[in-house]
Amino acid sequence: MIKFTNLFILGLVFIFTLNGCKKDNQAIQHDREEVIMRKIGHEVLLLSNDSTSIVRPIVFKNNKYRIQFESNFSFVPDDLVKTIDTIVKTALPYSKYLVQIEECETKQIVYSYEIPYKDAIACKEREQPEACYEIIIQFISKEEKITSLWLYILLPLIFILIRLFFYIKTKRPKNGDKITIGAYLYDKKMMTLSISNVVVDLTSKESELLSLLYNSVNNTVDREIILNKVWGDEGDYIGRTLDVYVSKLRKKLENDTSIQLKNIRGIGYKLIIEE
C-alpha cells in the first residue's frame, strides 16, 4: 500500500508537471503565432501596394486572432487566400483553420473560408473594395485535444492497474496448507512459521488467530469476531487473554519488519503486510 501511495503521488506530480510544461509551451506557441499574425497583416498590406501603413496590435480572444490595420485596403480573395495559406503552412503546425474578413464599421463578415475546403472558394478573383477590414483567424487543432484526452484517460487507468496488481499481490492465493506471509512461510497443518531456515512452533490458538487475521490482511478484524471464531464457547476469553495471544504472535513475527500486528483501539486487530 505504501508503494502504491508513492506511485500515486508520483503520478500526480507527473500530471501537474506535464500540465505546467504544456502551459509554458502554449504560451511560447501563442507568442510565435502573434508574430506570424503580424507577418500575415504585413503581407496583406503589400498585396494592396501599401508598404508604409502599420499593423495594429494583435488581439487574441475566444481562441481567435484578430488582425487590425491602420489604413483601409482592398484585396483580391484568391491572392489573400494564397498568401495566408503559404505563411501558415510554412510557419505554423496547423492544417485546419478558419479565416473571416470583417468590415470594421458594420462588423459584418464580407468574406470567409475554411482550410482545407472541399469546394472552390467563391468570388476568388473579384476584388473587394477599399475599406477598413479586420482579419480573424481561428486555428482548429483536434489532434492536440484528442491527445490530451487520451492522456487523462490512460493515466488513471494505469494507476487502477497498479492498484489492482498490489491488491492481488497482497491477497496471495493459498497454496494448500502453506502460505507466504511476508518473509515467513506459514504451515497451517504443521502450525509453524519458517524464516531463514528457522522454524517457530505455534499453538493451535495462535495458528487459528494468524489464519483469521491473514484472511483479512490489511483490514481490521473486530475483537468480537476474533473471540467468537478462535475461542467460541470455550470460556470467558475476553480482553486480556486475546491481547496476550496477539503479543505472543507479534513476537514470533518480529523478524520481518514489513509485518505489523496492529491494535486498532476499541475495535480489534489488523495484520499489515507492507509490500
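**View 1. Hairpin of β13 and β14 in the predicted model.** Three residues lie between the two strands of this hairpin, and glycine 266 adopts a positive phi near 80°. The strands, β13 (residues 259–264) and β14 (residues 268–273), run antiparallel and are joined by six bridges. One residue pair to look for is isoleucine 264 with its bridge partner in β14, glycine 268.

**View 2. Disulfide between cysteine 104 and cysteine 132.** The S to S distance of this link is 2.1 Å. The angle about the S-S bond is -75°, and the link of cysteine 104 and cysteine 132 is left-handed. Cysteine 104 sits in the loop between β4 (97–103) and β5 (109–115), and cysteine 132 sits in the loop between β6 (128–131) and β7 (133–139), so the disulfide ties together parts that are 28 residues apart in sequence. The count for the model is one disulfide.

**View 3. Surroundings of the two cysteines, cysteine 104 and cysteine 132.** Cysteine 104 has a relative accessible area of 14% and is therefore buried, the cut-off being under 20%. Cysteine 132, at 25%, is partly exposed.

**View 4. The whole chain, for orientation.** The secondary structure consists of six helices and 14 strands. The chain has 275 residues, of which 35% count as buried. Its accessible surface is about 17,100 Å², and carbon and sulfur atoms account for 55% of that area. Of the contacts between residues at least 6 apart in sequence, 61% join residues at least 24 apart.

Key: Residues numbered from 1 in each chain as written. Predicted model: local features only at pLDDT ≥ 70, side-chain atom pairs only at ≥ 80, totals over all residues. Heavy atoms only, no water. Disulfide = S-S within 2.5 Å. Helix = DSSP H or I, 4+ residues; strand = E, 2+ residues; numbered from the N terminus. Buried < 20%, exposed > 50% of the residue type's maximum accessible area, 1.4 Å probe, protein only. Pairing = 2+ DSSP bridges. Contact = heavy atoms within 4.5 Å. Areas by Shrake-Rupley, 256 points an atom, 1.4 Å probe, with all protein chains shown as cover.
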